[in-house]
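Visitor: Got a minute to go through a structure with me? I have a few quick questions.
Guide: Sure, put it up.

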Amino acid sequence: MEQADVLIIGAGASGGVAAGALAQAGFDVICLEQGNWPDRADYPAQRGTYELEARKQWSGSPSVRQNPVDYPINDADSDVAPLMYAGVGGSMILYAGDWPRLLPSDFRVRSLDGVADDWPLRYADLQPFYERTDVAFGVSGAGGDPAYPEGAEPPLPPLPIGTMGARMAHAHDKLGWHWWPAAQAVLSAPYQGRRPCVQFGACMQGCPEGAKASTDLTHWPAAVAKGVRLLTGARVARILMSRGGLATGAEFVRPDGSWHVVRADVVILAANAVGTPRILLNSASPRHPDGLANSSGLVGRRLMVHPFANVTGYFEDDVESWRGHVGAKITCFEFYETDTDRGFVRGAKWSLAPTGGPLNAALPTRAGDAVWGAAHHEHVRRHLGHTISWGIFGEDLPDEANRVTVDAALTDSSGIPAPKITYAVSENSRRLLDFHIARATESLHTAGAYDVATEALMRSSGWHLLGTARMGTDPRTSVVDPYGRSHDIPNLYVMDGSVFVTSGGVNPTSTITALALRSTEHLIASRRDQRIPA
Amino acid sequence: MTPSQARETTSTTAADVPGECRDWLRRVADRLIPASPTMPAAGDAGLGDGHLDVVLRARPDLIRDLVRAWASTGELAPDESLDELRQSDPPAYHAVLLIVAGGYYTSPTVRALLGYAGQQPRTLQIAGDIDMDLLMRVVERGPRYRQA
Ligand SMILES: Cc1cc2nc3c(=O)[nH]c(=O)nc-3n(C[C@H](O)[C@H](O)[C@H](O)COP(=O)(O)OP(=O)(O)OC[C@H]3O[C@@H](n4cnc5c(N)ncnc54)[C@H](O)[C@@H]3O)c2cc1C
Ligand code: SF4
């Protein structure tokens, strides 16, 4: 039986950061990851059939991919379909690399706006960790953005904003609205042995250059070199417990169907905000009938996913909108903060993204319909290279009815009960998105768009999975403490996006990784006080 | 299993698609994407010359739907086939659309005609295209965040 100081479950964004810090501090670490090491040579970016593969094998949806290393998710009762990836690097293998931080107000929504809850930490507490993770992942961007407090510049200069970015920057200058070159976890120059972006525009199906940061490139190689044992093809079914109420390790299954147990003094869950509550709930026993770490009843509840709208402008001239990195060319925080006159609280951040290649134009996944017959060529001509999209990430306020549970019938390929998601877009979110769609339409018309198409809620947009094991100081109203430690089980930690108290209205991974670093360093610093099983 | 392996382990292969099915698909494809003064029809550009096999090798999961679409509506005229599929078998209908459009827009001839050069590496021009005057005006408008 394998034994370690620390067991990490999940080798994605947060798992990689935790492993890196623990290895550096000399801990004996084992990590169990259900997926495999990604093979960059297999990424489809340079194959002619790229856009076809992106709709199946390289989809962000485990339900579409149907790969045995994924687990299925019942999302029939959800307005938004969850997206993720299983493998070393986790969902970062497919993420777009858009790398904004939360804003100071995001940590204080109860105090400022009277809704949801304040975080048990502030922006200033996290800022030093943001700056360190920016360096570790290799973030490109421009310092001095007035949307944020002052701080260190990103380690690399910004990526090109392209014809479309320049067009929208001029429009926002005319409107007097905020815009800024987007911070991206994509290299604009060679960095720490990694090659810069070559603008394939295929980031969401794996970056063949290794220019887009993911922990399989930025954290795992060094962690493994320092002795971390990373077991791929190792799917955790449940966490094991001592009679004294401490975690003792986990039971896992290999692809050949063999079952194993690993023992550890400390267990860290880093399986994302769907995978982590699934494991905690699947670990129920007569002694823990509601699952582990669940005395608050909040495990799996308060799921937030950032309802997403897309507004696309059509331009007469060629704006080369299939070109370049996919995350964001520029961002806009003009309408991010609450203005109660608008009829809702909180706001959204906009990301200006390319609109894809010819198959995307023919079969649009964003705004627009497919057109067949005589009008087809004109339809594709209008779309391909001539469209610009604002992606609108709206703040999603926590609601206990939005949740991850264990499905009564569905299982993964190992027979382990699979998760079910129940999620409805709230009235506040709907109003928020409608307001932002109207403003984004104004922005595109100002830039010269002759037509605008809107996707008011994109179903396949569950990229950001948050909140299902929230942090807090009160064990009655939170699952983990401000450093990710379970209130109920003092040697069990959660380090992934589950710990978010509120969602903010920005892509979350810079915050997930900064929090994981902060929590892991706290665990390391308080190692002498750590209770461990006998 | 990597995605490539997943592609290869399906039991049905492009070689299993009968010639009659291919002929039917070309006729249907010409209705969906007909020729224009500047662009060829899909039956010629996207699905001829073995290109259908390129599509189906990349997406073997579509073969079953394709063969079913042909088997159930292949006797009908192309427009009627499409109507019937849309109403009676949406998965097969969408598979046919994806194969036709996928074949067309992965065809090098079509891409050249569109002037599409995506997914090609190009050297990055670092921050060369950002208008610093515009950016400074954003800064001059002052902080946007709420102190908290
Ligand atoms: C298509 C797409 C685009 C995105 N774009 C952006 C973006 O531009 N910017 C941004 O900030 N975020 C983006 N995201 C979100 C980002 O990827 C996630 O926020 C981030 O990866 C979450 O980190 P995590 O550590 O919580 O979980 P993950 O990175 O998802 O890692 C969890 C890991 O745990 C493993 N695991 C789960 N269950 C088990 C089990 N039972 N046993 C063993 N292993 C298990 C999984 O296989 C996975 O590898 C995107 C996501 C997707 C899918
Ligand atoms: S655009 Fe850049 S980051 Fe995206 S896949 Fe291409 S090289 Fe990688």
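Visitor: By class, which residues make up the shell around ligand 2?
Guide: This is a predicted model, to start with. The shell around ligand 2 has 7 nonpolar, 3 polar and 2 charged residues.

Visitor: Which residues are around ligand 2?
Guide: Chain A supplies them. Cys197(A), Val198(A), Gln199(A), Phe200(A), Gly201(A), Ala202(A) and Cys203(A) are among them. So are Val186(A), Cys207(A), Glu209(A), Lys212(A) and His325(A). The charged members are Glu209(A) and Lys212(A).

Visitor: And where does ligand 2 sit?
Guide: In the second largest cavity.

Visitor: On to ligand 1. Which residues come nearest?
Guide: There are 37 residues around ligand 1. Ser14(A), Glu33(A), Ser91(A), Asp98(A) and Thr509(A) come nearest.

Visitor: What does Gln34(A) do there, in terms of distance to an oxygen atom of ligand 1?
Guide: An N or O atom in the Gln34(A) side chain is 2.9 Å from an oxygen atom of ligand 1. Ala13(A) uses its backbone: a polar atom there is 3.3 Å from a ligand 1 oxygen.

Visitor: What lies by a nitrogen atom of ligand 1?
Guide: A backbone N or O atom of Val236(A), at 2.9 Å.

Visitor: New topic. How many residues does each chain put into the contact?
Guide: Chain A gives 73 residues and chain B gives 54. The area buried between them is about 5,400 Å². Carbon and sulfur atoms give 65% of that.

Visitor: Which three residues supply the most of chain A's buried area?
Guide: Leu52(A), Trp372(A) and His377(A), with 13% of what chain A buries against chain B.

Visitor: How many salt bridges between chain A and chain B?
Guide: The count is 5. One salt bridge joins the side chains of Asp113(A) and Arg146(B), at 3.0 Å from N to O. Polar contacts between the chains come to 15 residue pairs.

Conventions. Residues are numbered from 1 along each chain as its sequence is written. Chains are lettered from A and ligands numbered from 1 in the order in which they are written. This is a predicted model: local features need pLDDT of at least 70, side-chain atom pairs count only at pLDDT 80 or more; totals for chains, interfaces and linings use all residues. Side-chain values use heavy atoms; hydrogens and water are left out. A residue is near a molecule or strand if one of its heavy atoms lies within 4 Å of it. On a 1 Å grid over the protein atoms alone, a cavity is a set of points where a 1.4 Å probe fits but cannot get out, and a pocket is an open set with protein on both sides within 12 Å along at least five of seven lines; lining residues have an atom within 4 Å of a point. A molecule sits in a cavity or pocket if more than half of its atoms lie within 2 Å of its grid points. Contact means heavy atoms within 4.5 Å. Buried area is the accessible area (1.4 Å probe) that two parts lose on being put together, summed over both. A salt bridge is a side-chain nitrogen of Lys or Arg within 4 Å of a carboxyl oxygen of Asp or Glu. A polar contact is a pair of N or O atoms within 3.5 Å; within protein, one must be able to donate a hydrogen and the other to accept it, and residues adjacent in sequence count only if both atoms are side-chain atoms.
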